[in-house]
Amino acid sequence: KHFAGWTALANALLIEQVIGLKKDGDAWKIEPHLPASWLDQGNAIKLQIPFFRANIELQPHKGSQAIDCTIAVGEKKAAACLANGQMTTFDNLQAI
C-alpha cells in the first residue's frame with residue numbers, strides 16, 4: 001500500500017537515510033548510517049519490501065562499526081560486511 005503524510009516521511013527517512021537503501025534498476029545500493037546506540041546494542045534490523053519481494057537485514061557487530069548486510073530478492077541472496085557509512089552495491093538481484 002501507499003503511505004501518506006507523516007508515515008511516508010518516517011518511512012523514507014528510515015529506509016533512505018538511516019538504512020541507506022536505494023534501488024537502481026536491478027541493483028540495490030546500501031549505505032547504512034546507524035546511530036551509535038543501535039551499533040552498541042547489536043540488535044538486527046530487518047526490513048521487508050513486499051512489492052520487490054525483498055528482505056533486508058542489517059546485523060551490527062556489538063560495540064563496533066561493522067555491520068553484516070544481507071539482501072534477498074526472491075530466491076537470490078547477497079551479503080557483505082560494511083563499516084557504518086560505507087556503501088556497497090548488490091547487482092542482479094531481480095526477483096525470479
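A nonpolar core is a set of buried Ala, Val, Leu, Ile, Met, Phe, Trp, Tyr and Cys residues joined through side-chain atoms within 4.5 Å. Keep that in mind as you click around, and remember that what you have open is a predicted model.

**Stop one: the core.** Start by selecting Leu 21, Trp 28, Ile 30, Ile 56, Leu 58, Ile 71 and Phe 90. The largest nonpolar core has 20 residues, and these are the ones that touch the most other members. Now colour the strands: S2, S3, S4, S5 (66–73) and S6 (76–83) are the elements that give two or more residues to this core. Which element gives the most? That's S5, with four residues.

**Stop two: Ile 56.** Stay in the core and pick Ile 56, then show what surrounds it. Leaving aside its neighbours within four places in sequence, what is Ile 56 in contact with? You should find Leu 21, Ile 30, Ile 45, Lys 46, Leu 47, Ile 49, Thr 70 and Ile 71.

**Stop three: the rings.** Next, go back to Trp 28, another of the core residues that touch the most other members. The structure holds two aromatic pairs. In one of them, Trp 28 meets Phe 52 edge-to-face, 5.4 Å centre to centre with 90 degrees between the planes. This pair links distant parts of the chain: Trp 28 sits in strand S2 (residues 27–30), while Phe 52 is in the loop between strand S3 (45–49) and strand S4 (54–60), 24 residues apart. Is Trp 28 buried or exposed? Its relative accessible area is 2%, so Trp 28 is buried. Phe 52, at 31%, is partly exposed.

Add Phe 51 to your selection. Phe 51 and Phe 52 make an edge-to-face pair too, 5.0 Å centre to centre and with 90 degrees between the planes. Phe 51 has a relative accessibility of 72%, so it counts as exposed; the cut-off for that is over 50%. With Trp 28, Phe 51 and Phe 52 all showing, you're looking at a cluster linked by ring pairs.

**Last stop: the surface.** Switch to a surface view and select Trp 6, Leu 9 and Leu 13. Together they make a nonpolar surface patch of about 370 Å². Where does Trp 6 lie? Look in helix H1, which covers residues 6–18. Trp 6 counts as exposed because its relative accessibility is 71%.

Note on methods: Residues numbered from 1 in each chain as written. Predicted model: local features only at pLDDT ≥ 70, side-chain atom pairs only at ≥ 80, totals over all residues. Heavy atoms only, no water. Patch = residues over 30% accessible without salt bridge, like charges linked within 9 Å, V, L, I, M, F, W, Y side chains within 5 Å. Areas by Shrake-Rupley, 256 points an atom, 1.4 Å probe, with all protein chains shown as cover. Salt bridge = Lys/Arg side-chain N within 4 Å of Asp/Glu carboxyl O. Buried < 20%, exposed > 50% of the residue type's maximum accessible area, 1.4 Å probe, protein only. Phe/Tyr/Trp six-rings, centres within 6.5 Å; stacked < 30°, edge-to-face > 60°. Contact = heavy atoms within 4.5 Å.
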